[in-house]
Amino acid sequence: MARLERGVLTLSLAGLLGLAGWASWLDGKAWLAQHLIAHAWQTTLEQGEPQRPWPWADTWPVAQLTTPAGKTLYVLESTSGEALAFGPGRLAGGIGSDQALTLAGHRDTHFAFLETLNPGQPLAVQLADGSQQHFQISRQQVINSQQHPLHIPRDNQQLIMITCYPFGALTPGGPLRYVVTATSAPTSNTVNNQAEQ
Amino acid sequence: MKLTLFFSLLLLTFTAQANGQPWQDEVATGALLLVDEQGQIQPATLLDTDAHITVSGPLAEVTLTQRFHNPSQQFREGRYLFPLPENAAVDGMVLTIGDRRIVGRIDRKAEAEKTYRQARASGKKASLVSQQRPNLFTTAVANIAPGETVQVELHYQQTLNVDGHRFQLRLPLTLTPRFTPPTEAPHTLDSLLRNTVAAPGGTADAGTASVHIDLDAGARLATLGSPSHAIHYQRHGRRYTITPKAGAIAMDRDLLLNWELEDTGEPLVTRFHEEIDGEHYALLMVVPPETGQVTALPRETLFIIDSSGSMGGAPMRQAKASLHLALQRLKPGDRFNITDFDSQHTLLFETPVTVSDNSRQQAQDFVDGLQASGGTHMLPALSATLSQPVSDGYLRQVIFITDGAVGNENGIFRALQQQLGEARLFTVGIGSAPNSHFMTRAAQFGRGSFTYINDQNQVQQGMDTLFRRLESPLMRNLQVQLPDGIVAERWPQKLPDLYAGEPLLVAMKLSAPPEHITVSGYSTQHWQQPVTLPTNNNHPGTASLWARRKIADLMDRITLGAAETDIAPLITDVALRHQLVSRYTSFIAVEETVSRPAHEPLLHDTIRNQTPHGTQHSAAWPGTATPAPLLWRLAGVLLMVCLLLWLRQRSLNHGAA
């Protein structure tokens, strides 16, 4: 009996280490990658060309997003699972597009802050050509992705951010999405003020 | 009991990881509708299609009628993005409102768009047909009155796909949005496609298509059938009329019709002629005979296999199985090598080696050891493969196994053009949604073919077809000889080498009608075929096809790096002259009378195509959660379990002591 229990204990310990290691790997690379990408983004701005954050990356930063709390996030090209592990990804819009800039991010890492947003709060986006755009949150919706067809508006004065819903859910893969829409704001200093506070 | 549950959960999550499927693939993806400010969804413009197809020999003439119906109470503008076969020459458009027919005219794209916008603003009905990509077109119809139906009739010609005596007609009916590839520059087309294809389970506006085919293959048929639809046919002598059994068919998949001619042992020769304003146009299609022999030339086969992260899971298993099968088919005495690439590339051997039991075994071990990870850096791998020293006397064939998730497509086409030399490139597309546009084009530039494998069961069949082609002898040195004194503007300008059984298709503009033309070539022996042009017979459309070939060839030059500013005027000239839709020219039709009063608003609709049949996952919806919270929670539970067990053991030990 004691031997069986010891066996279970060892297995549980191994499982615990494995799970914790895996989870820290997911969270850790989400955090670390943003720092590596920061450098690639600076180079992109200086040279005006896409810059891979590390040589074997399948993606590169295309925008910088400043949250109402003043935190910066680097947006990556592509919304593949691989890219989203490192940062929010661009789904549509951006330089030369007439569509809304549409971003997607993981609810448990980069886009966790979406939960705390309120209408009227400012957001800022810098694109790879250096241009700055300011937005104000106008709407928050929960959408069932299985029931509604996709329509990204042809309006490049909008910013749309998508993440999974509900925020506290344990398992990935649910049908619900949390969609935050922000519209272009004419003034530019709100975000900076907020960031300095 | 609880423990078992946890461990099975654990096991489940580990299996999911081992499959290497990105998490988003497991998300039942749907789509997102951002309703308008009033929160209302209006019934949008609907569309039905009629296709009337006349096949004569290797040519199809298609009249496509698109009916736009406005069920709403407001005036509407409908826009519809639809696919046509890659080699289709759109040479006519008619706008029909009730019994009024307005024949469209060709104009420069910008001019046509301006005319359309003016008509739209002034309340007149108008339609505009333009090309977005070689195989993607849009029709826009302005000012459709409430409850009204407006028809746009398109006419195009296409040359059919031919493989020996087998012919295939394809009528594309919907679009496949690509899985968002990590492109170097954002692909405007991808977002365009996403907006014009309904999400799985979503409602589409494109309804049904009724199809009617008149088939005169030019010879007796050995087989006739459709792999895509149940069909019904009637035979009148050599001619067949074919309709889908179901009547109007859902526009959720392409309609395919295959037929095979009875093999009479004679090479197939088809020729058409048309005279316009004293200029003679000719189209020749000659299928060199299949000799039934296996190539006399020893072959050098260079494999390139993509083992980047996007190939993870089933695709990698299919790719490995394909490669194993290919290795078995190599013949002793032939030469081969394998390049494996992800972020970096590795060559199995420094230079190609002779096939032997030893080298084959080494190759098989190499393939077994491949794992999918890293990025897709295709260009360096391709260059390294192609720059291996050429072995004299060997026929070099490059076989490229990949899902084609690449960004810099044009860069790769250019590299192929510069480095491929005499070699040929055959692409093998793996996975459920390979970038087939890229792989078809790459095979075209590499004068090879594209094989598509999306299922483990198709590996055998796909590789068999590919190898049959690789092993049939090559026809080299193809020439078309005209009588003295006759000058021809010929497309393609340089005749490619062909595998036996591949059709040679040449379009010519001739200074005078020749009596005889001789087509010759060389494979295992000299081969020659005299061709008589039916000069007293005018086949309308031959000139259009010639012009379409010329435009396609000029467009390829742009892809390969020629300045667009040099080529565009040439294309515009030909397209305007031959009334063809191209990248620079569009069809426009405007009604003279005003139908929408100035005070009535005009609403705009994009017609959504039906989701391709069998699509479950749409690329549009990314998965936006990781399993990290679940993992932490499970780790927490296990921590509790460990603590409990540890405490228990301690108390037991104390008890014993």
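Q: Which residue in S8(A) does Gln140(A) stand opposite?
A: In this predicted model, Gln140(A) faces Val180(A) of S8(A).

Q: How many bridges join S6 and S8 of chain A, and do they run parallel or antiparallel?
A: Strand S6 (residues 132-144) and strand S8 (residues 176-184) of chain A are joined by nine bridges and run antiparallel.

Q: What do the eight strands of chain A close into?
A: A barrel, with the strand order S1-S2-S3-S4-S7-S8-S6-S5 (chain A) and mixed pairing. From one strand to the next, the twist averages 35°.

Q: And how many helices does chain A have?
A: Chain A has three helices alongside its eight strands. Starting at the N terminus, the elements follow the pattern α-β-β-α-β-β-β-β-β-β-α.

Q: What share of chain A is buried?
A: Of the 197 residues in chain A, 45% are buried.

Q: What about contacts between residues 24 or more positions apart in chain A?
A: They account for 56% of the chain A contacts that have a separation of 6 or more.

Q: Over to chain B. Where is Phe75(B)?
A: Phe75(B) lies in strand S3 (residues 75-83) of chain B.

Q: Buried or exposed?
A: Phe75(B) is buried, because 21 other C-beta atoms lie within 10 Å and 20 are enough for that class.

Q: What does Phe75(B) touch, leaving out residues up to four places away in sequence?
A: Phe75(B) is in contact with Asn143(B), Ile144(B), Ala145(B), Pro146(B), Arg596(B), Glu600(B) and Leu602(B). As for Pro597(B), its C-alpha is 9.8 Å from that of Phe75(B), with the two positions 522 residues apart in sequence.

Q: Which strands form the open sheet that includes S3 in chain B?
A: Six strands, in the order S6-S33-S7-S8-S3-S34 (chain B), with mixed pairing. Strand S6 (105-108) and strand S34 (602-607) of chain B are the edge strands, each pairing on one side only. On average, neighbouring strands of this sheet are turned by 25° against each other, direction ignored.

Q: How does S6(B) pair with S33 of chain B?
A: S6(B) pairs with strand S33 (residues 585-594) of chain B in the antiparallel sense, over four bridges. In that pairing, Arg105(B) has Ile588(B) in S33(B) as its bridge partner.

Q: Which helix packs on the sheet?
A: Helix H2 (residues 109-121) of chain B does, touching S3, S6, strand S7 (124-133), strand S8 (136-144) and S33 of chain B. The direction of H2 makes about 20° with that of S33(B).

Q: Helix pairs next. At what angle do H10 and H11 of chain B pack?
A: Helix H10 (residues 542-559) and helix H11 (residues 564-577) of chain B pack at about 170°, and their axes are 10 Å apart. H10(B) is therefore roughly antiparallel to H11(B).

Q: Which residues meet there?
A: On H10(B) they are Ala547(B), Lys550(B), Ile551(B), Leu554(B), Arg557(B) and Ile558(B), and on H11(B) Glu564(B), Ile567(B), Leu570(B), Ile571(B), Val574(B) and Ala575(B). By class, this contact of H10(B) with H11(B) has nine nonpolar, three charged and no polar residues.

Q: And H6 with H7 in chain B, at what angle do they cross?
A: The axes of helix H6 (residues 378-386) and helix H7 (residues 409-419) of chain B cross at roughly 10° and come within 10 Å. H6(B) and H7(B) are therefore roughly parallel to each other.

Q: Which residues make that contact?
A: H6(B) contributes Met378(B), Leu379(B), Leu382(B), Ser383(B) and Leu386(B), while H7(B) contributes Gly411(B), Ile412(B), Ala415(B) and Gln419(B). By class, the contact of H6(B) with H7(B) has six nonpolar, three polar and no charged residues.

Technical notes:
Residues numbered from 1 in each chain as written. Chains lettered and ligands numbered in written order. Predicted model: local features only at pLDDT ≥ 70, side-chain atom pairs only at ≥ 80, totals over all residues. Helix = DSSP H or I, 4+ residues; strand = E, 2+ residues; numbered from the N terminus. Buried ≥ 20, exposed ≤ 12 C-beta atoms within 10 Å, placed from the backbone. Contact = placed C-beta atoms within 7 Å. Pairing = 2+ DSSP bridges. Axes fitted to C-alpha atoms, helices over the stretch in contact; angles between N-to-C directions. Parallel < 35°, antiparallel > 145°, perpendicular 65-115°, else oblique. Nonpolar A, V, L, I, M, F, W, Y, C, P; charged D, E, K, R; others polar.
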